[in-house]
Amino acid sequence: MQSQQFEQILNSIPLLTNQQRNTLLSALSEKDSPIDIAASIEANFCKAPKCPHCDAEEPYKWGFRNNRQRYQCKDCHKTFNAFSKTSLARLRHPEKWPQYLQGMTHSLTLRPAAKECNINLDTSFRWRHRFLQAIENDQADELSGIAEIDETLFRESFKGQRKNLPRPARKRGNDKKTECRKIPVMIARDRTGSTVDGVLDNESGDELCKHLNGRINIETVVCADASLAHEKLARKLGFIFKELVVSAGQRVIDGVFHVQHVNAYHSNLKKWIFGVFHGIATKNMSRYLGWRRALTESKPLSLDRLTNKIMSVFRFQPVNGT
């Protein structure tokens, strides 16, 4: 909606009857109504616009395009809007975003999501990965209490890639699993459900430290399988380490220290990736890890909560009550 139309609505409010005002208030306070993501982002950006190219403040207004206010920077003279250089840049049909996000809260796959929103399959793929890009790094700030760390392996996948494969394409029935490259994925999770994860280049202490440095409270008790990488991580970060020698049959220490929660997370993660999506490309793994984190938090993932996660990337205030 353009600012002129909005001003007309504001000017008509004094002319409303009491019944009409109550109806308007009821519509504005309706909790189940979807959030207009595009309008909310643009309204917040307009309060303190900033050039995404050079970070200069107080740009000029530069007309409208597709009903969105554009700006021109005073310093670099480039034009932009509230979505420029963000994961939502150049995405169309913002009125359909809430419906698409609602499907993501139920792990809806691409084709059913495209059919439900009446969009093209390519558009469905693009929207999924743009929204996932926004929540990809929404990890727990810190693990506390009792935390568990473990790694699991995924076969390297080039799903969707048709050209320039670094290896011959695998043929059904001729797949030699022992010869393929395995990608390690680290999951660190405390007993409250806070999760930190990451795709590792290798299973080393330095690689684990890169993902967990600053995210484990020094008073946290960390449970992990016995390995040189985990021992090095404990020395570097200084937390209390409970080492489980699983190869010797030691699975629990003192009745409470184990890695069963994180192993269950691994199992459910693989069932979700291979059962719902029939595998994903390795290059997109970190985005799906972010999606899975959002689905497995202590509160159920609702449309409002997913919308708030996306809007938090733009540093805007979350919706009340979520």
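These legends describe close-up views of a predicted model.

**View 1. Overview of the fold.** The protein has 11 helices and eight strands. Of its 322 residues, 41% are buried. Contacts between residues 24 or more positions apart account for 59% of those with a separation of 6 or more. The views below take the two sheets, the helices that pack on them, a helix pair and the cysteines in turn.

**View 2. The five-strand sheet is open and mixed.** Its strands follow the order β6-β5-β4-β7-β8. The edges are β6 (195–199) and β8 (240–244), and each of these pairs on one side only. From one strand to the next, the twist averages 20°. Pairing in this sheet is mixed: β4 runs antiparallel to β5, whereas β4 and β7 pair in the parallel sense.

**View 3. Strand β4 sits between β5 and β7 in the sheet order.** β4 covers residues 146–155. Seven of its 10 residues are buried, so the strand is mostly covered; buried here means under 20% relative accessible area. On one side, nine bridges join β4 to β5 (residues 182–190). Asp-150 stands opposite Ile-187 of β5. On the other side, four bridges link β4 to β7 (residues 221–225). There, Ala-147 has Val-222 as its bridge partner. In a regular strand, side chains alternate between the two faces of the sheet.

**View 4. Strands β7 and β8 run parallel.** Five bridges join the two strands. One bridge pair is Cys-223 with Lys-242, the latter in β8. β8 is an edge strand and pairs on one side only. β7 also pairs with β4, again in the parallel sense.

**View 5. Helices α7 and α9 pack against the five-strand sheet.** α7 (residues 205–212) touches β4, β5 and β6. The direction of α7 makes about 130° with that of β6. α9 (residues 260–276) lies across β4, β5 and β6. α9 runs at about 35° to β4.

**View 6. Glu-207 is a buried residue of helix α7.** Where does Glu-207 lie? Its place is in helix α7. Is Glu-207 buried or exposed? Its relative accessibility is 8%, so Glu-207 counts as buried. Leaving out residues up to four places away in sequence, Glu-207 touches Val-199, Leu-200, Asp-201 and Asn-202. Val-199 falls in β6, the edge strand of residues 195–199. Glu-207 and Ala-229 are 22 residues apart along the chain, and their C-alpha atoms are separated by 8.8 Å.

**View 7. The three-strand sheet is open and antiparallel.** The order is β1-β2-β3. β1 (60–65) and β3 (79–80) are the edge strands, each pairing on one side only. Four bridges connect β1 with β2 (residues 68–72). Phe-64 stands opposite Gln-69 of β2. Helix α3 (residues 37–47) lies across β2 and β3. α3 runs at about 35° to β2.

**View 8. Helices α6 and α10 cross.** Two packed helices are described by the angle between their axes and the distance between the axes. α6 (residues 121–135) and α10 (residues 285–295) pack at about 70°, and their axes are 9 Å apart. Angles of 65 to 115 degrees count as roughly perpendicular, so α6 is roughly perpendicular to α10. From α6, the contact residues are Arg-128, His-129, Leu-132, Gln-133 and Ile-135. From α10, they are Arg-287, Tyr-288, Gly-290, Trp-291 and Arg-293. By class, this contact has four nonpolar, three polar and three charged residues.

**View 9. The cysteines form no disulfides.** How many disulfides does a search of the whole structure find? The search finds zero. Cys-73 is in no disulfide, and its nearest cysteine sulfur is that of Cys-54, 3.5 Å away. A disulfide needs the sulfur atoms within 2.5 Å, so this pair does not count as one. Cys-73 has 1% relative accessibility and therefore counts as buried. Cys-46 has 37% relative accessibility, so Cys-46 counts as partly exposed.

Technical notes:
Residues are numbered from 1 along each chain as its sequence is written. This is a predicted model: local features need pLDDT of at least 70, side-chain atom pairs count only at pLDDT 80 or more; totals for chains, interfaces and linings use all residues. Side-chain values use heavy atoms; hydrogens and water are left out. Buried means under 20% relative accessible area, exposed over 50%, partly exposed in between (1.4 Å probe, protein chains only). Two strands pair if DSSP finds at least two bridges between them. Axes are lines fitted to C-alpha atoms, for helices over the stretch in contact, and angles run from 0 to 180 degrees between N-to-C directions. Angles under 35 degrees count as roughly parallel, over 145 as roughly antiparallel, 65 to 115 as roughly perpendicular and the rest as oblique. Contact means heavy atoms within 4.5 Å. Ala, Val, Leu, Ile, Met, Phe, Trp, Tyr, Cys and Pro count as nonpolar, Asp, Glu, Lys and Arg as charged, and the others, Gly among them, as polar.
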